Amino acid sequence: GHGLKRIDLKSALLRIGDFESLTYEKGAHKTISRLKLLVSPCCRPPGGDMVFSMRRLHKNRVEIIEENGHMGCGFIPRSLLLEILGKTNDIDSKASAGAKRVFAIQVRIIGPSTIGVAKGMLVAKDGINAIQVPSSMIKVEKSKTDPTHDDVVLNVHKCFPWNSHWIMGRLINNDPNVPSKKQKEGLKAVCSDVMRVFQSKGVPTDVLRK
C-alpha cells in the first residue's frame with residue numbers, strides 16, 4: 001500500500017525459519033500448513049480474563065531435548081506456565097483459579113535463531129528451569145540466514161482443562177457443587193473415543209448416559 005515499506009516475502013520467511021528445507025514428499029499442503037503456524041490464534045487464559053496468552057521469552061528459557069517417544073509433546077516449568085497464564089501482562093500477577101488448574105497447553109513456538117517453528121503440547125513439570133522442546137515438535141528448522149530476532153515467541157493456542165472440561169469433570173465425578181443450567185448448556189457431547197476411555201477406566205454406564 002501507499003507509504004508502506006516494500007519487503008521481500010521470501011527473505012522475510014527465511015529470517016524466521018528454514019522454509020526452503022521443506023519438501024513436497026507429502027504434498028504441497030504441508031508447506032501451507034507450516035505457514036499457517038505463523039498466524040495461529042492464541043487463547044485467553046481460563047477464568048474469563050481479556051489478556052491473550054502470548055509471550056516473548058529470552059532464548060535461554062527454551063531448550064531442545066532428545067526425542068524419546070515424546071510424539072510432539074514437551075514440558076514447561078509449572079511456575080512459567082502460571083506466569084504466562086497470569087491475569088495481566090504483569091508477570092508477578094496471580095493466576096486465576098481456572099489458570100491454576102491447567103496442566104497442559106497446545107502451543108506454537110517461534111524462535112528464528114534457536115528452534116525455528118514448532119507446534120505441539122507442553123505439559124507442566126516440576127524440577128525444570130526451561131521449556132523443553134523435543135525434535136518431534138519442530139516443524140520448520142531455525143533460520144540459516146539473518147534471524148529476525150534472538151528471542152522466542154510462545155503462542156498458547158489452547159489450555160487443558162478448559163472451563164468446559166472442568167464442568168464436564170464435575171458432572172462425571174458427582175461433584176456436590178453441581179454446575180448451573182447455564183454452564184451445562186455450553187457443553188458439547190463427548191466423542192466416542194473419550195467415552196471408550198471412560199468405560200475402560202470403570203466409569204458406570206448410567207453416568208456416561210447422563
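How many aromatic pairs does the count come to? I looked this up before anything else. The count comes to zero aromatic pairs. I note here that the model is predicted.

**Rings and charge**

I then turned to F75. The charged end of K125 sits over the ring of F75. I read 4.5 Å from that charged end to the ring centre.

**The largest nonpolar core**

Next I looked up the largest nonpolar core. It has 25 residues. I listed the members that touch the most other members: I76, I105, I109, L122, I131, V133 and L154. Then I asked which elements give two or more residues to this core. They are α3 (78-84), β4 (104-111), β5 (116-125), β6 (131-134) and β8 (152-160). β8 gives the most, with four residues.

I picked out I131 and looked up its contacts, leaving aside residues up to four places away in sequence. I131 touches L57, R61, V62 and E63. It also touches F75, I76, P77 and L80. L122 and L154 complete the list. Two charged residues, R61 and E63, are among these contacts.

**A second core**

I found a second, separate core of nine residues. Its members include I16, L22, I110 and V153. I wrote down a general point beside both entries: in soluble globular proteins, nonpolar side chains tend to be buried together.

**Strand β4 and its partners**

Is β4 largely enclosed or largely open? Seven of its eight residues are buried, so β4 is largely enclosed by the rest of the structure.

I looked up its pairing next. β4 and β5 run antiparallel, joined by eight bridges. The two strands form a hairpin, with four residues between them. G111 has G116 of β5 as its bridge partner.

β4 also pairs with β8, again in the antiparallel sense, over seven bridges. I110 stands opposite V153 in β8. I had met I110 and V153 before, as members of the second core.

**Cysteines**

How many disulfides does the structure hold? I found zero. A disulfide is a covalent bond between the sulfur atoms of two cysteines.

I checked C159 in particular. C159 is in no disulfide. The nearest cysteine sulfur is that of C43, 3.7 Å away. The cut-off for a disulfide is 2.5 Å between sulfur atoms, so this pair does not count as one.

Is C159 buried or exposed? With a relative accessible area of 3%, C159 is buried. C73 is partly exposed, because its relative accessible area is 22% and buried means under 20%.

Terms used: Residues numbered from 1 in each chain as written. Predicted model: local features only at pLDDT ≥ 70, side-chain atom pairs only at ≥ 80, totals over all residues. Heavy atoms only, no water. Core = buried A, V, L, I, M, F, W, Y, C linked by side-chain atoms within 4.5 Å. Buried < 20%, exposed > 50% of the residue type's maximum accessible area, 1.4 Å probe, protein only. Contact = heavy atoms within 4.5 Å. Pairing = 2+ DSSP bridges. Phe/Tyr/Trp six-rings, centres within 6.5 Å; stacked < 30°, edge-to-face > 60°. Lys NZ or Arg CZ within 6 Å of the ring centre and 35° of its normal.
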